[in-house]
Amino acid sequence: MKNEDRYLKNIEKFICSREPESRSGILMKDSARRLGISRSEYLQIEKPYAFIYQRLPVEIGGEVLNISSGIVLHNRARGPFKGGIRIDPDVNIWETTELARLMTLKTSLADLELGGGKSGIKVDFHKLYEGLKDKLKVDFYPFMDRLKDHIMREFVDHFVERGLVRTYVPAPDMGSSGAEMMLFYNKTHDPAVVTAKPEGIEGWLPGRREATGFGTSYATLKYLEQVGKNPADVTVAVQGFGNVGSYAAHYLHREGCRVVAVTDFYGGVYNPEGIDIPGLMEYAAAHRTVKGFDDKHTIDNAGLFALEADVLIPAASGHVIDKGNVGALGVKLVLVEAANMPVSWEAMGMLQQRGVNLLPDNYVNAGGVIASDLEYKQGVGGVRFNRQQVFQRLETKFDTMWAEMNERREIAGSFSQAACDVAMERTYKAMRTRSLI
Ligand code: NAD
């Protein structure tokens, strides 16, 4: 058995679990081949540096729940481990690992002085609520908010106890937001402990909240410009109307695109004439869902995916499009990965065969971490960036990433492969320079 295979097996044997074949792993292996990176060097880049499992005991209604959480520290060759905290029922160690790996590819593609990491907290609030609602006699949202607050306080305590402050710098991901990030600041009073802090908290960054959605919209518009499409002639469907989906829809709507369908966890809205996005944002902010905005024109995820829209933007969870449903997609022009890993490796190939381009996650949703990088620099350096500087920085970074991806696309085969080549090469160089491989 080769040394590197033994190394691989050792990790998986230790935790008694085999990592499923991952899209990021396939992409990285493919890039390593093109870049002439040896297998043993590639494994040093692909495998995580550390996993941390943490049980979070929290008491609610006289019961102690044991919530599972994990932190994956993937790579810090170019700067501190950086990546969001996902709170979701589907979290598991391999998903968190892949998301951490993707962060390494994202920070590197954007040429930020940051590495890759991720946290996952596995909790199903709806299921827990069903079991406890009669006893607690509270509505769902106050229940979820209170429980999430308990869980996050526990998480933050462990995070600080383990000395992760400034070694790993978290941010929001699905299920978390500025409210949870603030708890890290409350505990440490260190503005560089976390990014996406709410407005008014020491070291907060104007524009951070909108940054991922803005970047998604900017990336889409650059693509439309390249293929000679006028935004006014373009229809868009968006899955997910949280932080990323809502701002992506907002900026695309502002630039003249017709957003015809939006879904979230609870329901969806469809209007072939174009949805009133400012109205929907106001409604969703008040009701925490798009459901009920227009009861006469509804749509579900399957309907949204089947729509013949020019642009499809998955902006909710990962793994929503695979070889099983890719054939039913109606998207005509481009699939814009605002979510992390929404499309499987096989489905990516099938879309390409159909002539539908795919803009990859580590490019499309990099806006959040580009802004976070500025916020972190504010935290450690005491400098201040205003809103205009943040949006200018986003545009410059997206312009550069786009040029680099286009330059390599033909040789690499697709935008995703080109983006991975740029990121892998940069990470590899940093690891070589630091004698880490
Ligand atoms: P969020 O929690 O703010 O919103 C998630 C949205 O997805 C909600 O509207 C929710 O109702 C919807 N959703 C969940 N399950 C769904 C389902 N089955 N069908 C339809 N809609 C569903 O999360 P977010 O921060 O907007 O993140 C969305 C995606 O973007 C995630 O994949 C995340 O990893 C990625 N991302 C987020 C950021 C960021 O800055 N927030 C940065 C990079 C990538």
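A residue is taken to be near a molecule or strand if one of its heavy atoms lies within 4 Å of it. The ligand is surrounded by 22 residues, of which Asp173, Thr212, Asn301, Ala316 and Asn340 come nearest. The structure is a predicted model, in which local features need pLDDT of at least 70 and side-chain atom pairs count only at pLDDT 80 or more, while totals for chains, interfaces and linings use all residues. Residues are numbered from 1 along each chain as its sequence is written, and side-chain values use heavy atoms, with hydrogens and water left out.

**Ligand environment**

The shell around the ligand comprises eight nonpolar, nine polar and five charged residues. In this division Ala, Val, Leu, Ile, Met, Phe, Trp, Tyr, Cys and Pro count as nonpolar, Asp, Glu, Lys and Arg as charged, and the others, Gly among them, as polar.

Polar contacts (pairs of N or O atoms within 3.5 Å) between ligand oxygen atoms and the protein backbone are listed below.

| Residue, backbone atom | Distance to a ligand oxygen atom |
|---|---|
| Asn243 | 3.0 Å |
| Val244 | 2.9 Å |
| Ala338 | 3.5 Å |

Taken alone, the ligand exposes 830 Å², and the protein buries 84% of that; accessible areas come from the Shrake-Rupley method with a 1.4 Å probe. Helix H8 (208-226) and helix H9 (243-254) are the elements that give two or more residues to the shell around the ligand. Helices are DSSP runs (H or I, at least four residues), numbered from the N terminus.

**Domain arrangement**

The protein chain is assigned domain 1 (47-205) and domain 2 (209-364), with bounds from an automatic or database domain assignment. Each of these domains contributes at least three residues to the shell around the ligand. Their centres, taken over C-alpha atoms, are separated by 26 Å. In the interface, 15 residues of domain 1 are in contact with 13 residues of domain 2, where contact means heavy atoms within 4.5 Å.

The area buried between domain 1 and domain 2 is about 1200 Å², and carbon and sulfur atoms give 54% of it. Buried area is the accessible area (1.4 Å probe) that two parts lose on being put together, summed over both. Of the area that domain 1 buries against domain 2, Leu102, Lys106 and Tyr141 supply 37%, more than any other three residues.

Note on methods:
A polar contact is a pair of N or O atoms within 3.5 Å; within protein, one must be able to donate a hydrogen and the other to accept it, and residues adjacent in sequence count only if both atoms are side-chain atoms.
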